[in-house]
Amino acid sequence: MSNWQPTEQGLSDLLQLLREALNPTDSHVVQEIPDYNSYLAFILTQMPQEDQYVRSVAGLTLKNNIRAHFPALPAQVIEYIKECCLQHIGDPDIGKAVGIVIAAIVERGQIQNWTQALQVLMQKLDDPNTVVIENAFTTLQKICEDCSRDLDTVVQGIQPLEFMIPKFISFFNHPSDKLRLCAINSTSQFITLRSVPLMNNMDAFLAALFSRATDDNLDVRKAVCQALVSLLEMCPTVLFPHLPNIVNYMLFCTQSDDSDLALEACEFWLVFSEQDDLREQLQPFLPRVVPVLLKCMVYSELDLLTLGGEEDDAHVADSEQDIKPRFHKANLIEIERTNKDDLDEGGKKKEKEEDEDDEEDEDYDDDDDDDFDDDLYGDWTLRKCSAAALDVLCTAFEGEVINILMPLLKVELESSDWLHRECGILALGAAAEGGMKEIAPHLPELVPYLFTNLSDTKANNNKRVQEAACSSFSLLEEEVTKGLVPYLHPILSTLATAFDKYQHRNLLLLYDTVGTLADVVMDALNQPQFIEIIMPPLTKKWQQIPDDSTDLFPLLECLSSITTALGKGFKPFAEPVYVRCVNLVIKTIEECRLAANDPAREMPDKDFMIVALDLLSGIIQALNTDAEHLVANTNPPVVQFLSICIQDEVPEVRQSAYAVLGDLAISCFEQIRPVVPHLMPLVVSQIDPQAEHVSVCNNATWAAGEIAIKWGREIQPYVEQMLHRLFMLIVNPQIQRTLLENVAITVGRLGLIFPEIVSPHLETFIHPWLMALIPIRSNDEKASAFSGLCEMIKANPGGGINELPNFCNAVAAYQDTPPSLAESFGNILVGYKNMLGQQWEHAMKSVPPETRGPLHERYGI
């Protein structure tokens, strides 16, 4: 026993501070009180005459001190606190405060250093006083939550859980709601650990848990659902014998009037659907699960209260706080790949910069693609959980779930109630991601529903329905792609009508929907009747939005997609758009100059410059040589502001500027020829093997290759510098795939122009070069790069001999080979055959049959 006693003065001072806890004095005063934590324990446990509030504050303060400063507390102080607290477990006035102090000591000091606490707490569970039991169990629950791993070990030769878990389970049927809840929650802490003592008592645990499935207390039923979800996730096989009954129970709870209980139960279906190993067990229940999930996707009354939505609110202007900030993602040059699943169509896309290595190197951006994210309502809800589960089910079971869902969807989509229409549209978006093959036959029926909900005034006057329709249609676009071409006329007519109907927030979504459509149908959009439908509303919005509005970002992104799809079909609309983009860039540059000279001025938002540069890039790319007139008449000259942009401190500005430079090299090289010698050192400096901003390096590398093709042998002063940097990049196994492809293209083009300079290094880079370019689609860039490789092999055949099998693979895999390149391939193959002589047949044994066949058919090899 400790002999410590407080002094009257110290006690008086501290009590005064605690009484002023709502307006505490400076903490340094507290530090001047000796034995501060011992005083707190004394006030908490030894002063029943003191106000209960003051004692509780002392306990809370003590708990915080223990958690924050445990290692620094003297051992005798800790012992005194332990003695005081163990004597007052279950005290009707301060039992809760004592419990949190005990739990804090156990957590920070570790269970093996205070096993006595566990023994006393477990003994208190047999106390005849319910208050004592509740205080003890609440403390035990906290210890189980904070120290589950410590408890799941052998402590001083004893496994604590061996006697704790059976005792907890015995309380599942206790008359006290609170104790039943503590018992279930405490036991459930050990499911995620697959604790052996719990697994040994699993039959008893499940029996006791099932007995509480119809408990009168709502919180107990929620705890039962939580436990079942954890069991399904961590040790599902224990549930298999009981699965039909559990499914019935969880379906019942998922449809509960209490949203919290319904959400806990719905998590069961999300966990069930996410585990591939459980598909066989889940499959028989799909016809019952899918309709319930769809039902739960309808907005609840609470959702509607939180959203403040009305049935007919399409005419109501959006408040500014409802609009999420928009951030433009700068242009990243990419090469088309043969495997469409590996890269979205289009060699040029807007993509978030990726500075970190990414083995999968995904080419989509999911920053804004949370299909079930209600922007005004950020909490995880039953609706969101149901939608997420249905989404996973559609992906996991594809046709089976789609076939169950489609009849139900049609009922929802035909409903006169906007809540059900919105639910149906949301579910259609989930289905589109999971099973496009199965949805395709239903498109003639489904597409008109979406049209109706996108813009029909009578059928849809609700913003949430409009929002869901836009989101789902965007998903449908991404999945169906060119399958939408037969429906382009009604689709475009519907979207054009929506421009006059939608308020601010949904208008931003509409820009994305139109842009996505252009991305997926590409040049199919370049028809006069389609252009006449979609360009007038876009032009109208273009004229309405002022230069300083961030609404320009999604509109310009949309127009970038439109220009790429229309190509020269965009020419009638190009000049005013081009001129405005130039003015936006020049205006931003001037505002930057003024801000640099005047600290009182704010720096402008450079996203305006980035988005304008990207649209300039799109226009030049779309019009190709027809853009020369626009570029030639730009005032000030394009090269003047472009030379500023490629030196900007913001990497995204440089990234977009190099995209424009490369497009100018392709389409209007004579307009930039005079300044190329000035620009090339800047271009070379950004081809940086240690690049912090990979996307800038990527676009500069691409632009260098385009300049090389047009400038020819005049680029010679910069070739050695470029090759030194490019070779370091191409042999780096960690290089980002998109950058690797552009590096390989540029090396190939330099080899085409200067085979005598590049070919001596052939053996060093030919393997990663071939691995990078074999998968990409046949296009002018690939053809020029492989033509360069052929010239290098002619100049140095020995440098490529070790990669002959891979070269053969590349030649055989090349689709639609240009005649001149095919001739070069044939000459090189014949040359190697003659060079190897009798060893040729041996070399061909390492070439797979699927490669030898095309080589024989095309080249007689």
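Biologist: In this predicted model, which residues of α15 are buried?

Modeller: A residue counts as buried when its relative accessible area is under 20%, and that cut-off is applied here along helix α15, which covers residues 243-254. The residues of α15 that are buried are Leu243, Ile246, Val247, Tyr249, Met250, Leu251, Cys253 and Thr254.

Biologist: Against which helices do the buried residues of α15 pack?

Modeller: Helix α15 has 12 residues and reaches 16 Å from its first C-alpha to its last, close to the 16 Å expected at 1.5 Å a residue. Its buried residues, Tyr249 and Met250 among them, pack against α13, α14, α16, α17, α18 and α20.

Biologist: Is arginine 180, which forms a salt bridge with aspartate 215, buried or exposed?

Modeller: The closest N and O atoms of arginine 180 and aspartate 215 are 2.8 Å apart. Arginine 180 lies in helix α11 and aspartate 215 in the loop between α13 and α14, so the pair ties together parts that are 35 residues apart in sequence. Aspartate 215 has a relative accessible area of 2% and is buried, and arginine 180, at 7% relative accessibility, also counts as buried.

Biologist: Which residues are joined into one network by salt bridges that share partners?

Modeller: Side chains of opposite charge can pair when their charged atoms come close. A search of the whole structure finds 21 salt bridges, including one between arginine 749 and glutamate 706, whose closest N and O atoms are 3.0 Å apart. Arginine 749 lies in helix α39 and glutamate 706 in helix α37, so this pair ties together parts that are 43 residues apart in sequence. The network made by salt bridges that share partners joins Asp177, Arg180, Arg212 and Asp215.

Biologist: How many residues apart in sequence are the parts that aspartate 626 and lysine 571 tie together?

Modeller: Aspartate 626 is partly exposed, with a relative accessible area of 28%, and lysine 571 is partly exposed as well, at 44%. These two residues form a salt bridge in which the closest N and O atoms are 3.7 Å apart. Because aspartate 626 lies in the loop between α31 and α32 while lysine 571 lies in helix α30, the parts they tie together are apart in sequence by 55 residues.

Biologist: Which helices each supply at least two residues of the lining of the largest cavity?

Modeller: The search of the whole structure finds one cavity of 30 Å³ or more, and about 30 Å³ of space lies in the largest cavity. Its lining consists of Tyr578, Val582, Leu616, Ile620, Val638, Phe641 and Val660, which divide into seven nonpolar, no polar and no charged residues. The helices that each supply at least two of the lining residues are α30, α31 and α33.

Terms used
Residues are numbered from 1 along each chain as its sequence is written. This is a predicted model: local features need pLDDT of at least 70, side-chain atom pairs count only at pLDDT 80 or more; totals for chains, interfaces and linings use all residues. Side-chain values use heavy atoms; hydrogens and water are left out. On a 1 Å grid over the protein atoms alone, a cavity is a set of points where a 1.4 Å probe fits but cannot get out, and a pocket is an open set with protein on both sides within 12 Å along at least five of seven lines; lining residues have an atom within 4 Å of a point. Grid points are joined across faces, edges and corners, and a volume is the space filled by probe spheres set on the points. Helices (H or I, at least four residues) and strands (E, at least two) are DSSP runs, numbered from the N terminus. Ala, Val, Leu, Ile, Met, Phe, Trp, Tyr, Cys and Pro count as nonpolar, Asp, Glu, Lys and Arg as charged, and the others, Gly among them, as polar. The expected span of a helix is 1.5 Å times one less than its number of residues. Buried means under 20% relative accessible area, exposed over 50%, partly exposed in between (1.4 Å probe, protein chains only). Contact means heavy atoms within 4.5 Å. A salt bridge is a side-chain nitrogen of Lys or Arg within 4 Å of a carboxyl oxygen of Asp or Glu.
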